[in-house]
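Grab a pen and work through these exercises with the structure open beside you. Try each task yourself before you read the solution.

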Amino acid sequence: MTSVAPARRPIPRELAKILADCRDITVHRLLLSFTALLDRVCDMLMDRAGKSDARPEQQMFLEARQVLLRDRAAVMTEFEKRLRAQIEDRVSGRSDEKADFSKVDATKLALIDLNTMDESVLVGNIVRVIENVCHEELLTLNRGIGHLLGKPHLEASANPLGPASIVTAFAEALGTAQAEGRAKFQILKELN
């Protein structure tokens, strides 16, 4: 018995073209949707700052809003780049490869900070909410993308065009913004 996964068959040219077109349409529509969504998040942050009586809380909301206003173009550019890369990795099967932790130097391991853990939990929550709200549509999408990939029983978590890819790409893009972790976390909370 071998632990090496069998090589995936290449996707036929016609199906690869359809997947590339789906990727391009998805990325374009998501950029438009996220631009409008970030406008709403800015409004929500301003509203929350106005309703808060605590000065530190007001500052946090206003700082998060300022990050969105200042870094929106850079975040959206990074989002597009990361989303395309995630989709390509999942279509090609590169994301299916598991890391080999048996060769990790245990002396270099460290605990993750709470902000990273909180962001991870929040990203997972956003993905679950989207999957629950769009359950029927995702079943159809998973079936269609699964057919194109040659995986008839494709799960939502493995779908290259699924919520996990999209939300993860946005969270990673937001992580590149020049701001404190709490401002980025607040933006994700409002997105949730």
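**Exercise 1. A bridge across the chain**

Which residue forms a salt bridge with Arg-182, and how far apart are the closest N and O atoms?

*Solution.* Keep in mind that you're looking at a predicted model.

Step 1: Look for the partner. Arg-182 pairs with Glu-63, and the closest N and O atoms are 3.3 Å apart. That fits the cut-off of 4 Å for a salt bridge.

Step 2: Place both ends. Arg-182 sits in helix H6 and Glu-63 in helix H2, so this pair links distant parts of the chain, 119 residues apart.

Step 3: Check how exposed each end is. Arg-182 counts as partly exposed, with a relative accessibility of 35%. Glu-63 counts as partly exposed too, at 24%.

**Exercise 2. Two more salt bridges**

Work out where the salt bridges of Asp-21 and Arg-23 lead.

*Solution.* Start with the general idea: side chains of opposite charge can pair when their charged atoms come close.

Step 1: Take Asp-21. Its side chain meets that of Lys-17 in a salt bridge, 3.0 Å from N to O. Both residues lie in helix H1 (residues 13-51), four residues apart, and that's about one turn of the helix. Here's the rule behind it: an α-helix has 3.6 residues a turn, so residues three or four places apart point the same way. Asp-21 counts as partly exposed because its relative accessibility is 34%.

Step 2: Take Arg-23. The partner here is Glu-88, with the closest N and O atoms 2.2 Å apart. Arg-23 belongs to helix H1 and Glu-88 to helix H2 (residues 55-92), so the pair ties together parts that are 65 residues apart in sequence.

Step 3: Compare the two ends. Arg-23 counts as buried at 15% relative accessibility, while Glu-88, at 32%, counts as partly exposed.

Step 4: Widen the view. Arg-23 and Glu-88 belong to a network of salt bridges that also links Asp-24, Glu-80 and Arg-84. The structure holds 13 salt bridges.

**Exercise 3. The two sides of H3**

Which residues of H3 are buried, and which are exposed?

*Solution.* Step 1: Get the helix in view. H3 covers residues 114-133, which is 20 residues, and reaches 28 Å from its first C-alpha to its last, close to the 28 Å expected.

Step 2: Pick out the buried residues. They are Leu-122, Val-123, Ile-126 and Val-127. These four lie on the same side of H3 because they cover an arc of only 140° around the axis.

Step 3: Turn to the other side. There you'll find Leu-114, Ser-120, Val-121 and Asn-132, which are exposed.

Step 4: Ask what the buried residues of H3 pack against. The answer is helix H5 (163-174) and helix H6 (181-191).

**Exercise 4. Where H3 meets H4**

At roughly what angle do the axes of H3 and H4 cross?

*Solution.* Step 1: Recall the description. Two packed helices are described by the angle between their axes and the distance between the axes.

Step 2: Read off both values. The axes of H3 and helix H4 (residues 135-149) come within 5 Å and cross at roughly 90°. That makes H3 roughly perpendicular to H4.

Step 3: Name the residues that make the contact. H3 brings Ile-130, Glu-131, Asn-132 and Val-133, and H4 brings His-135, Glu-137 and Leu-138.

**Exercise 5. Two buried residues**

Are Ile-187 and Arg-72 buried or exposed?

*Solution.* Step 1: Start with Ile-187, found in helix H6. Ile-187 is buried, since its relative accessible area is 0%.

Step 2: List what Ile-187 touches, leaving aside neighbours within four places in sequence. Its contacts are Val-41, Leu-45, Ala-64, Val-67, Leu-68 and Leu-174.

Step 3: Move on to Arg-72 in helix H2. At 18% relative accessibility, Arg-72 counts as buried, because the cut-off is under 20%.

Step 4: Leave aside neighbours within four places again. Arg-72 is in contact with Thr-35, Leu-38, Asp-39, Cys-42 and Val-67.

**Exercise 6. The whole chain**

How many helices and strands does the chain have?

*Solution.* Step 1: Count the elements. The chain has six helices and zero strands.

Step 2: Look at burial. Buried residues make up 34% of the 192 residues.

Step 3: Look at contacts. Among those between residues at least 6 apart in sequence, 76% join residues at least 24 apart.

Conventions: Residues are numbered from 1 along each chain as its sequence is written. This is a predicted model: local features need pLDDT of at least 70, side-chain atom pairs count only at pLDDT 80 or more; totals for chains, interfaces and linings use all residues. Side-chain values use heavy atoms; hydrogens and water are left out. Helices (H or I, at least four residues) and strands (E, at least two) are DSSP runs, numbered from the N terminus. The expected span of a helix is 1.5 Å times one less than its number of residues. Buried means under 20% relative accessible area, exposed over 50%, partly exposed in between (1.4 Å probe, protein chains only). The arc is that of the directions from the helix axis to the C-beta atoms. Contact means heavy atoms within 4.5 Å. Axes are lines fitted to C-alpha atoms, for helices over the stretch in contact, and angles run from 0 to 180 degrees between N-to-C directions. Angles under 35 degrees count as roughly parallel, over 145 as roughly antiparallel, 65 to 115 as roughly perpendicular and the rest as oblique.
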